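Here is my note on the model you sent, set out as numbered points. Please read each one with the coordinates open.

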Amino acid sequence: MMSDGFLSQEEIDALLRGEQLASPVVPELDDMAKDALGEIGNICMGSAATTLSILLGRRVSITTPQVSVTTLNEIKRQYPLPYLVIEVYYSHGILGTNLLAIRQQDALIIADLMMGGDGSNPPTELNDLYMSAVSEAMNQMMGSTATSMSTVFKKKVDISPPQVNVFDFGVDGNISAMAAGDEPIVSVSFRMEVEDLIDSEIMQIIPINVAKEMVESLMAAIQPTPKTTTSAAPNAATSTPQPVMAPARETNFAQAQQAAALPKTHQPLTNVTVQPVQFAPLKPTTPTTSDTNINLIMDVPLQVTVELGRTRKLIREILELGPGSVVELDKLAGEPVDILVNGKLIAKGEVVVIDENFGVRITEIVSPLERANNLQ
């Protein structure tokens, strides 16, 4: 077998002897298996697209996949570009490695959006900061695909933390130890669009054995559950049901119930008393509050928090914070601070100093209606 396009010494000797090299055996996947893999990829990548859309705050769409059996060398020959490769190991439910390949330029746009940019002027290279941002996005995407697989296969599917690397398919050698360059693998390619910023292709690369395991798991999940049947008692079909006599102490209503359960030819429908049901009139009552019930919870501790103000920052701005940085809040100078109990606003007050300790003087109690709205 050739390795990375070069002949071994054994292969050269075989050619000199006039022998023909054996072609690598490519395990075939029939149309049904390819359709199953396409459906699995469609569901999983649809979930991943939703996750990416939430992270980026942009509309993300991924089209119907194209499934083919190829090799890593052939993929590198067709796409001689720098790619971000996310390698995931399925550790439970499905065992094996799975690769997700996305073009480096698309990854730079995703990283720029993750860092608060608009994606129109992405960085030229993936430094550590941008690599961390896009790795988190890919981690979330692959986690959502594992969750979707658990739902589709009706069993738990776990993955290990993804390994993210950048490879230039036109220069670098083998991009993964999951398969040799000329060994057959399954490629599931999708067209990915992120509004008007990205219109590209994303690939899922799966070893043959993992692909077959996925197909088998899907087939096992969609097979109907056999229904259990209870064998009838001997001569049950030919036996004639006998009328059941109600005890004399039962009411007319009980007699009517038993009569309804009997065959039509045996139902004694005579002497059945029917009368309209009567309900007692409803009277409005006012709930009373008992001090005794309140006393039962008097010793329950509550967390009291005084909030000076809030603000929202982008990830990029948070990472730029350091000693001496000033964070501007949404409160004006001199404006009352909020007093919260277990995270719910109940009052407002002003900050005071008592014996070198901060305190708060309550100036206003929130109205019951406003408190009720805060609880919702």
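1. The chain is a predicted model, and I begin with the residue that comes after helix α4. That residue is G116, whose phi is positive, near 100 degrees.

2. Helix α4 itself spans residues 104-114 and is mostly covered, with nine of its eleven residues buried. The buried positions are D106, A107, L108, I109, I110, A111, D112, L113 and M114, a list in which two aspartates, D106 and D112, appear among the nonpolar residues.

3. Strand β7, residues 184-194, deserves attention next: nine of its eleven residues are buried, so the strand is largely enclosed by the rest of the structure. The pairings of β7 can be taken in turn, beginning with strand β1 (residues 60-62), which pairs with β7 in the antiparallel sense over three bridges; within this pairing, V60 stands opposite V194.

4. Strand β2, residues 66-71, also runs antiparallel to β7, and six bridges join the two. A useful reference point for checking the register is V67, whose bridge partner in β7 is V188.

5. The pairing of β7 with strand β8 (residues 198-207) is again antiparallel and comprises ten bridges, with S189 of β7 standing opposite M203 of β8. These two strands form a hairpin with three residues between them, and there E195 takes a positive phi near 45 degrees. When inspecting these strands, it may help to recall that in a regular strand the side chains alternate between the two faces of the sheet.

6. On the surface, L308, I318, L321, V327 and L329 form a nonpolar patch, with about 410 Å² of accessible area together. One of these residues, L329, is found in the loop between α9 (315-319) and β10 (337-341). Why can L329 be called partly exposed? Its relative accessible area is 31%, and partly exposed covers values between the 20% limit for buried and the 50% limit for exposed; the same residue also qualifies for the patch because patch members need over 30% relative accessible area.

7. As for annotation, an unreviewed UniProt entry lists residues 32-68 and 131-165 under "domain: CheC-like protein". In the model, the stretch 32-68 is 68% helix and 16% strand, and its end C-alpha atoms lie 13 Å apart. For the stretch 131-165, the corresponding values are 66% helix and 14% strand, with the end C-alpha atoms 9 Å apart. I would ask that the text attribute these ranges to the UniProt record, where the entry is unreviewed.

Definitions and conventions:
Residues numbered from 1 in each chain as written. Predicted model: local features only at pLDDT ≥ 70, side-chain atom pairs only at ≥ 80, totals over all residues. Heavy atoms only, no water. Patch = residues over 30% accessible without salt bridge, like charges linked within 9 Å, V, L, I, M, F, W, Y side chains within 5 Å. Areas by Shrake-Rupley, 256 points an atom, 1.4 Å probe, with all protein chains shown as cover. Salt bridge = Lys/Arg side-chain N within 4 Å of Asp/Glu carboxyl O. Helix = DSSP H or I, 4+ residues; strand = E, 2+ residues; numbered from the N terminus. Buried < 20%, exposed > 50% of the residue type's maximum accessible area, 1.4 Å probe, protein only. Pairing = 2+ DSSP bridges. UniProt positions renumbered as here; feature names shortened; annotations may be inferred.
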